[in-house]
Every structure is written in structure tokens, then in C-alpha cells.
Protein chains: 2
Amino acid sequence: GKSGESGESGDTGSGSNHSPPHKVTYLCGNSLGLMPKSTPLLVNKELKAWGDRGVESHFRHPLENQGCVNWVDIDLPVVPLLAPIVGARQNEVACMGTLTMNLNSLLCSFYQPTETRYKILFEKHAFPSDYYAMLNQVRLHGLDEEDAIIQMAPRKGEFLLRTEDILSTIEKEGESIAVVCFSGIQYYTGQYFDMERITRAGHEKGCIVGWDLAHAVGNVEVKLHEWDVDFAAWCSYKYLNAGPGGIGGIFINSRFFEDSNWRPRLAGWWGNNSSIRFEMREEFEPIRGALGFRQSNPSVLDVVSLRSALETYEKCGGIKKLREKSKEMTGFLQELLVASEYYREKEEEGEPHFTIITPLKADERGAQISLLFGPGDVMERVFKYMNERGVICDDRKPNVIRLAPVASYNGFRDCYEGVRVMEEGLRVVSGGRESTNLQ
Amino acid sequence: GKSGESGESGDTGSGSNHSPPHKVTYLCGNSLGLMPKSTPLLVNKELKAWGDRGVESHFRHPLENQGCVNWVDIDLPVVPLLAPIVGARQNEVACMGTLTMNLNSLLCSFYQPTETRYKILFEKHAFPSDYYAMLNQVRLHGLDEEDAIIQMAPRKGEFLLRTEDILSTIEKEGESIAVVCFSGIQYYTGQYFDMERITRAGHEKGCIVGWDLAHAVGNVEVKLHEWDVDFAAWCSYKYLNAGPGGIGGIFINSRFFEDSNWRPRLAGWWGNNSSIRFEMREEFEPIRGALGFRQSNPSVLDVVSLRSALETYEKCGGIKKLREKSKEMTGFLQELLVASEYYREKEEEGEPHFTIITPLKADERGAQISLLFGPGDVMERVFKYMNERGVICDDRKPNVIRLAPVASYNGFRDCYEGVRVMEEGLRVVSGGRESTNLQ
Ligand SMILES: Cc1ncc(COP(=O)(O)O)c(C=O)c1O
Ligand SMILES: Cc1ncc(COP(=O)(O)O)c(C=O)c1O
């Protein structure tokens with residue numbers, strides 16, 4: 001694949017706003033999004049401000065006339081860029097921390113088990129970080145994890161959780177469930193859960209409903225406020241393109257802020273009434289909004305990297321248009337895959353092949369399609385083949401490859417290239433002749 | 001002041017390893033340390049790796065031959081650089097998160113109140129973020145803050161806490177105290193607490209003893225392991241020079257790791273056994289060490305900025321030598337201050353003057369000296385005068401200016417310049433003639 005080699009835009013490869021790996025077909029935005037071309041400039045401006053002015057940049061940024069923001073408010077311009085992406089009001093969103101840290105912080109506040117309501121419901125095979133978090137939350141409260149954790153698995157022989165099963169579990173166990181916390185999009189299968197119905201079902205039983213949006217944010221059009229979600233957390237390094245380990249984000253429903261002294265939390269000065277923040281008063285008066293959950297002053301480099309990414313995201317069309325393009329592109333990818341001689345509807349013995357474990361309906365998935373290979377080590381061999389030929393995607397042991405064309409920088413040609421090389425790999429693994437077109 | 005104008009090293013101004021604000025006398029490292037000259041290069045290498053290779057840099061960093069580290073292990077080289085600075089064994093230190101978030105995370109794990117032992121002891125007038133954190137920790141456990149929080153204030157008319165008073169409070173109340181958590185160096189007064197004795201006294205009463213090292217790390221020679229401290233957290237943007245909002249650090253005593261299944265915590269995949277981390281197993285098997293408290297993958301930009309800073313710190317002599325130089329420099333600053341016609345031993349009515357509220361003994365303070373001005377708005381006017389003439393220090397309302405010459409980049413001349421301009425300011429405020437030597 002040669003997409004993006006000359007950085008041209010259009011559907012011929014990576015778009016002009018991102019800096020793509022050269023000579024590769026990058027289908028791995030589900031893991032780490034590509035760098036917006038504007039990011040180094042913004043980051044370097046802040047390094048310059050630090051070098052030239054030191055602490056003064058907190059209140060008198062030397063590059064204010066170049067769009068830079070005093071560090072004391074560095075993350076504020078990010079809020080109105082984030083809010084529409086997750087369907088939130090502006091006071092419902094804050095940029096802070098990292099995903100698991102944020103999830104833990106929010107659980108400390110939202111997971112307040114009582115005698116009768118003390119369970120957490122989430123997925124079996126959730127991203128392990130979430131499992132470790134929930135497990136420890138339960139232990140921190142001195143509860144028995146066998147009892148207090150409910151993990152829903154797909155039915156035997158199936159890969160996806162059925163919405164009906166989730167709803168009936170909530171219906172059945174809801175009275176004892178304190179928090180329901182699924183991922184918006186399952187990292188492994190790419191399944192996009194029915195967030196609205198699950199949230200409603202949880203609320204009907206009196207549960208708090210939160211979401212891990214790692215794979216959903218910037219990928220699909222979630223409507224957190226409209227769906228009345230209680231809380232959510234996400235990272236920004238996948239579909240938001242804010243860079244490795246970039247600063248995360250949280251959503252908290254504005255319902256909660258009507259009560260001014262709402263809920264203890266993991267608190268810090270950055271979440272306190274900003275007009276008195278530097279007066280160092282011992283008065284806890286948190287900002288009425290998600291910003292009130294910020295604990296520390298944020299990393300300036302991370303915040304501007306996110307800002308650059310969100311401005312680019314906006315320039316690329318914003319969530320609505322990007323989701324539309326994404327559906328088309330992933331639909332095209334799926335057509336190519338289903339048309340492949342190696343595609344099977346169900347796993348089988350014998351010859352190298354793959355099945356698709358992601359829902360085939362566009363509304364039930366995001367950009368990503370997960371392929372299950374068989375038999376034996378076929379996945380590993382095909383993955384290696386693709387990787388060596390510059391098709392960057394990711395593998396999940398033992399036998400899954402995830403492909404994700406991303407609307408802000410991938411094109412239809414990337415899908416074509418990815419599938420072409422994958423098929424070539426399958427051909428070789430099947431004992432066919434290897435293409436000599438090594439790049 | 002013109003220190004650092006030409007970037008020369010020696011005792012004539014800012015050293016050659018840091019990028020100083022031009023034409024200023026920077027005495028504000030207690031708030032934000034200056035940028036090491038090597039930092040932009042390291043940060044830009046990671047931006048290049050992201051741009052060129054995307055996700056591949058997690059396992060195959062394109063600039064490995066230029067000293068870069070695969071992102072999957074990005075923070076590991078920082079650990080052996082941090083450990084000696086805080087007097088820790090290597091498995092006792094991790095680089096992660098930000099100070100208040102880390103303090104909260106550690107308290108979630110270490111503050112486990114029981115019926116009889118449920119109080120937190122810390123300072124009255126602690127940095128407010130710590131107050132908000134402790135207050136909310138107590139509330140999260142449903143406890144009454146009036147009862148569960150003990151804040152020690154200095155004696156009437158005094159600014160510093162007496163060690164004897166701290167020790168006797170622990171002696172008296174210790175049985176009901178779960179956690180003792182002071183700052184190593186008080187941000188306002190600059191007082192360096194007797195960490196060793198306070199830790200021992202806490203332990204004698206069965207308390208957990210933790211420290212907020214924001215103003216101590218890289219400033220004074222703490223010996224966390226030797227002093228048997230339980231936990232500590234710090235930020236890296238003051239005396240470590242890692243940049244605004246840079247990534248923080250934690251210490252956890254290795255005593256705790258003898259028990260392999262030690263303590264629930266705010267957990268995440270980054271703290272789990274790294275050999276199985278990407279196998280996505282639902283087995284919580286935390287790394288036996290401070291690294292096991294990491295929750296999320298860290299920001300690559302922040303980590304390399306810290307790494308650059310710590311390498312520079314090492315190059316400047318390391319903690320031992322820097323602390324020696326710091327004592328000399330701050331001693332010199334104190335001599336100049338005490339010799340000033342505006343210096344008074346005690347506050348008084350009438351003419352503009354200042355007193356020193358920081359301990360006068362070098363072993364009881366770090367780099368910083370805090371000056372209390374009077375009467376009325378003298379502090380504000382002097383601060384403005386200094387600031388407009390390029391002497392960068394910081395003010396704490398209503399009447400304190402903090403001056404901190406930093407051993408890794410300040411020189412004796414900076415102390416001289418700072419005091420000279422401050423005296424000039426006091427002269428003007430006193431109604432004397434203003435120097436025309438405006439820079
Ligand atoms: C003593 C002390 N504690 C806590 C903090 C809060 O730091 P952060 O915003 O990094 O959480 C500071 C910041 O200056 C501080 O000086
Ligand atoms: C669904 C999900 N949850 C949690 C995480 C952990 O993210 P972090 O390391 O930023 O905490 C990830 C990371 O990829 C993820 O995909």
C-alpha cells in the first residue's frame with residue numbers, strides 16, 4: 001500500500017490534515033490515531049512559552065496573539081470542542097487525567113454500595129483495565145467479588161452480547177446493582193452497544209449507568225445528555241488523535257449539578273471555584289459541572305495536543321459528517337471482506353479462512369471490523385505478512401485482527417489495499433505463490 | 001537583572017543547561033522550574049515517531065538508535081533517575097498521573113478507616129488541594145469531617161509548626177489516626193518538616209504516614225526508604241523542571257510488597273504483570289512494586305519531558321551536590337535579606353518592611369525563603385515593581401513573596417539582583433526616588 005505517500009487528500013489514501021506513516025496503509029486508528037499535522041506547531045509554541053517566560057505563561061502567555069491560551073485556563077477551549085462529539089452540554093464535560101484513572105475517580109464517587117444495592121454489572125471480556133478497576137473498587141469496599149461483580153458473557157457459541165440479554169439481566173438483578181458500566185463499543189468485537197436502551201433500563205431499576213467510551217468517542221455519534229447517561233470516561237488517543245497516552249475526558253450529567261453540594265469525590269484545587277483558586281482558601285466549593293471533578297492542573301503539552309486534534313477533527317467535518325463517511329467506508333471494507341474467497345459466515349475446520357465477529361449492521365458497530373482467523377496460527381502468519389508489507393492493523397491473541405478505517409484520515413483505497421494484502425497473505429499461508437511486490 | 005541573557009554558566013546567573021526567560025532574574029522554581037534545553041529535542045523526537053510510525057512506536061520505536069524507548073516501556077528509564085532523588089529503592093517509585101490525583105489514589109488504598117482508627121492528621125493551611133482531597137476522602141467514607149480531620153495550626157502568633165507540637169499531637173491522638181499526611185516542605189512558609197521523626201512517631205502509634213513532596217522533591221535530600229515512609233506523591237514541575245502540569249510520581253515502601261496480594265487500590269492494566277498485559281487476561285496480578293499502582297498508559301510527551309529534566313538534573317550534579325549548592329545560595333540570599341534596611345525580625349506597624357517567615361536554619365528549609373511584607377498593600381506594590389523589572393518570583397495574598405533560587409540553574413548573582421530590585425521597590429514604596437534603570 002502506498003496511501004498517504006504524497007499526503008494527498010481525497011479517497012485515495014490518508015487525508016491532508018494528518019501526518020501518516022509513510023508508505024503504509026494505516027488501519028489502526030482504533031489503537032492509536034494518526035498525528036494531525038498541526039500538532040507539532042502547537043506543542044512547540046508551548047515549549048517556547050515555557051522556555052521564554054517560565055511561570056509567567058500561566059497568566060500572561062507570550063503567544064496569546066497566536067491563539068495560545070494562558071495556562072491557568074489551558075483546557076477550557078477544549079471543552080466546547082469535546083461536548084458536541086459526545087452529545088453533551090458544555091458543563092457536562094471536562095478534559096483531565098487518563099481513562100482508567102478517570103474511571104476509577106468516577107467510580108469512587110458514583111459507586112457507593114449499600115447493604116442491598118452493591119453490585120457492579122459489566123462485560124465478561126471487558127478491556128482488562130476495566131476489570132481490574134471494578135474488581136478493586138469492590139475490594140476497597142470490603143465486598144466479596146464473587147458476589148458483587150456481575151460480568152455478562154455472550155451466549156455459548158456467540159461472540160456478541162444480545163441487547164435483550166443485557167436488558168433482562170438488568171431487569172432481574174437491577175435491585176441489587178449499584179452501577180452498570182459497559183463499554184460503548186467493545187474493544188475486541190467492535191460491537192456498539194445500545195447505550196440508550198441499556199441506560200434507560202438501568203435507570204428504571206434505580207442503578208447508576210456509566211460508560212467507558214474508549215472506542216466510541218469520535219467514532220460513533222453518542223448522545224450522552226439525550227440518553228440521560230450518568231457518567232462516562234474516555235481516552236483521546238484513538239479516534240480523537242491526541243497522541244500516545246494523551247489526556248482523557250469525562251462526562252457527568254448536568255442533572256447532578258442542580259444540588260450544589262453534590263457528592264463527595266476525588267477532589268482537588270483545579271475543580272474548585274476558580275475565582276478563589278489562588279487565594280488558597282480552605283473552602284471546598286467545587287465548580288458546578290464536570291470541571292468540578294478536575295483534581296490537578298493539567299499537562300499543557302497534552303492539552304494542546306488534544307486541542308490541535310479536536311480542531312483538526314472539526315476541520316475534517318465534525319462528528320456527524322465523519323460518522324457518515326465512516327459508515328460508508330467500513331461498509332465498503334465489509335463488502336470487500338465478504339466478497340473474499342477466504343470469508344466464511346461461520347468458523348470451520350480445514351482451510352485458512354476468516355469470519356467477521358463484528359455486527360454486520362452499520363448501526364451496531366463503529367469504524368472497526370474484527371476478523372477471526374483459523375485454523376491454528378493463520379492469524380499470526382497473516383498479520384505478520386500484512387505488517388511486513390506496510391499494512392498496519394492490530395492483532396489480538398489468539399486469532400483476531402482488527403481493521404479500522406478512520407474517517408478523518410483514511411480513504412476507500414486504504415480499505416482496498418488492506419484487504420488486497422490480507423488476501424495475498426492468506427493465499428501464501430494457504431500454500432499459494434507469494435507476490436513478489438514487496439515494498 | 002540580566003542573568004542568563006547569554007546563557008553562560010557559573011554563578012553569574014542561570015546555568016547553561018536550562019533555557020531561561022530572557023533578561024529576567026528567575027526566582028520562581030518553587031512554582032514552575034525552567035525548561036531544560038534538551039527538552040524540545042526529546043519531545044519532538046516522539047512527535048516524529050508518532051507521525052512517522054503511529055502505533056508501531058509502542059513496540060518498534062523508529063528512533064531507538066537515538067536513545068528513544070518503545071512506548072510500551074516509555075516510563076521505565078525514568079524510575080532509576082527518580083529513585084535516588086527521593087532516597088528510594090527502584091521498586092518503590094513510579095512515574096504516573098498528577099499530584100492530587102496520585103494523592104487521592106494513594107489515599108483510596110491507604111486510608112481505610114475503622115471504628116476506632118479513622119482520622120487524618122495534616123496541616124492547617126496545607127496547600128488547599130490537599131485539604132479538598134482529605135475532606136472528600138473523609139466524606140466518601142461517610143464520616144463527619146469535624147471529627148475525622150485534625151488540622152494542626154502553628155501556635156498563636158507563630159508561622160511555623162513546632163516539631164514538638166506535631167509529635168505530641170500524634171502521641172495524644174495517634175490511636176484514632178489512620179493516616180498522617182503532611183507536606184515535606186510547606187508551600188507557604190518554606191518550612192521543611194522533620195520527616196524522619198514525624199514518620200517514626202506516627203508508626204509508633206500504628207498510623208500510616210504519607211507525604212506530599214511537591215516542594216521537597218528535587219529540592220532537599222529526602223530519604224524515603226531509610227525513614228521508613230509509607231507512601232509519598234509529588235509533582236515534577238517545580239524543582240524537577242518537567243514542565244507545566246508534567247507527569248507526577250509516587251513512592252510506596254517496599255515493605256508492602258512482601259505480601260504479594262497486598263491491598264486493593266485504584267487499579268489498571270498498566271500496573272498489572274506486564275508479561276501478560278497484552279494478553280488481555282482477566283487476572284489481576286499487580287506488579288510487586290510502585291509500578292503496580294499505575295493505572296493508565298502514560299503520556300509519552302510528558303514522560304520524555306520528565307526524562308529530559310531528570311537527565312539534566314543528573315548532569316547538574318544530582319541531588320547531593322545540588323542540595324549543597326542550594327544551601328549556600330539560599331544562605332547567601334538570606335544574608336542579603338537580613339542585611340537589608342527593610343528587614344525586621346518581627347512584624348511591626350508603620351514603615352514598609354519585611355520579615356522572614358521561613359526557618360533561618362538551612363536544615364529546616366529548602367531553597368525557598370518566604371517574606372512577609374507590611375503594612376497594607378506593600379507586598380503587592382513591591383511585587384509589581386519587581387515583576388515589571390524582570391524579577392520573577394511569586395506572591396501569595398495577602399502579604400507574602402516567595403523567593404527561590406534553584407541550584408540547577410540559578411546563580412548567586414540572581415540572589416543579588418532579586419534583593420537589589422526588591423529593595424529598590426521598597427524604597428519607592430517608602431516614598432523614595434525610583435531608580436530610572438528600567439529594563
Ligand atoms: C503542596 C502542594 N500540593 C498539591 C499541589 C497540587 O498540584 P497538582 O495540581 O499537580 O495536583 C501543589 C501545587 O502546587 C502543591 O504545591
Ligand atoms: C475499552 C478500554 N478501556 C480502558 C483502556 C485503558 O486505557 P488507559 O491506559 O488510557 O487507561 C483502553 C485502552 O486501550 C480501552 O480500550
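This report describes the interface between chains A and B and the two ligand sites in a predicted model.

**Chain arrangement**

Two copies of a chain are related by a rotation about an axis and a shift along it. Here, a turn of 180 degrees with a shift of 0.0 Å along the axis lays chain B on chain A with an RMSD of 0.0 Å. That relation is the one of a two-fold axis. Both copies use the same surface, since 100% of the contact residues of chain B recur in chain A.

**Interface**

The contact involves 87 residues of chain B and 87 residues of chain A. Between them, chain B and chain A bury about 6,700 Å², and 61% of this area is on carbon and sulfur atoms. Polar contacts between chain B and chain A amount to 41 residue pairs, counted where both residues are at pLDDT 80 or more. The rule finds two salt bridges across the interface. One salt bridge joins the side chains of A:Lys124 and B:Glu282, with an N to O distance of 3.1 Å.

**Ligand 1**

Ligand 1 lies between chains A and B. Chain A supplies A:Trp269, A:Ser296 and A:Asn297 to its surroundings, while chain B supplies B:Leu99, B:Thr100, B:Phe127, B:Asp130, B:Asp212, B:Ala214, B:His215, B:Tyr237 and B:Lys238. By class, this shell holds five nonpolar, four polar and three charged residues.

**Ligand 2**

The site of ligand 2 is shared between chains, because residues from chains A and B surround the ligand. From chain B come B:Trp269, B:Ser296 and B:Asn297; from chain A come A:Leu99, A:Thr100, A:Phe127, A:Asp130, A:Asp212, A:Ala214, A:His215, A:Tyr237 and A:Lys238. The shell around ligand 2 divides into five nonpolar, four polar and three charged residues.

**Polar distances and burial**

The table gives distances from a polar side-chain atom of the named residue to an oxygen atom of the ligand.

| Ligand | Residue | Distance |
|---|---|---|
| Ligand 1 | B:Thr100 | 2.5 Å |
| Ligand 1 | A:Ser296 | 2.6 Å |
| Ligand 1 | B:His215 | 3.0 Å |
| Ligand 2 | B:Ser296 | 2.6 Å |
| Ligand 2 | B:Trp269 | 2.7 Å |
| Ligand 2 | A:Lys238 | 3.0 Å |

Ligand 2, taken alone, exposes 400 Å², of which the protein buries 97%. For ligand 1, the area exposed when taken alone is 400 Å², and the protein buries 97% of it.

Key. Residues numbered from 1 in each chain as written. Chains lettered and ligands numbered in written order. Predicted model: local features only at pLDDT ≥ 70, side-chain atom pairs only at ≥ 80, totals over all residues. Heavy atoms only, no water. Near = heavy atom within 4 Å. Polar contact = N/O pair within 3.5 Å; in protein donor to acceptor, adjacent residues only side chain to side chain. Areas by Shrake-Rupley, 256 points an atom, 1.4 Å probe, with all protein chains shown as cover. Nonpolar A, V, L, I, M, F, W, Y, C, P; charged D, E, K, R; others polar. Least-squares fit on C-alpha atoms with pLDDT ≥ 70 in both. Contact = heavy atoms within 4.5 Å. Buried area = accessible area lost by both parts, 1.4 Å probe. Salt bridge = Lys/Arg side-chain N within 4 Å of Asp/Glu carboxyl O.
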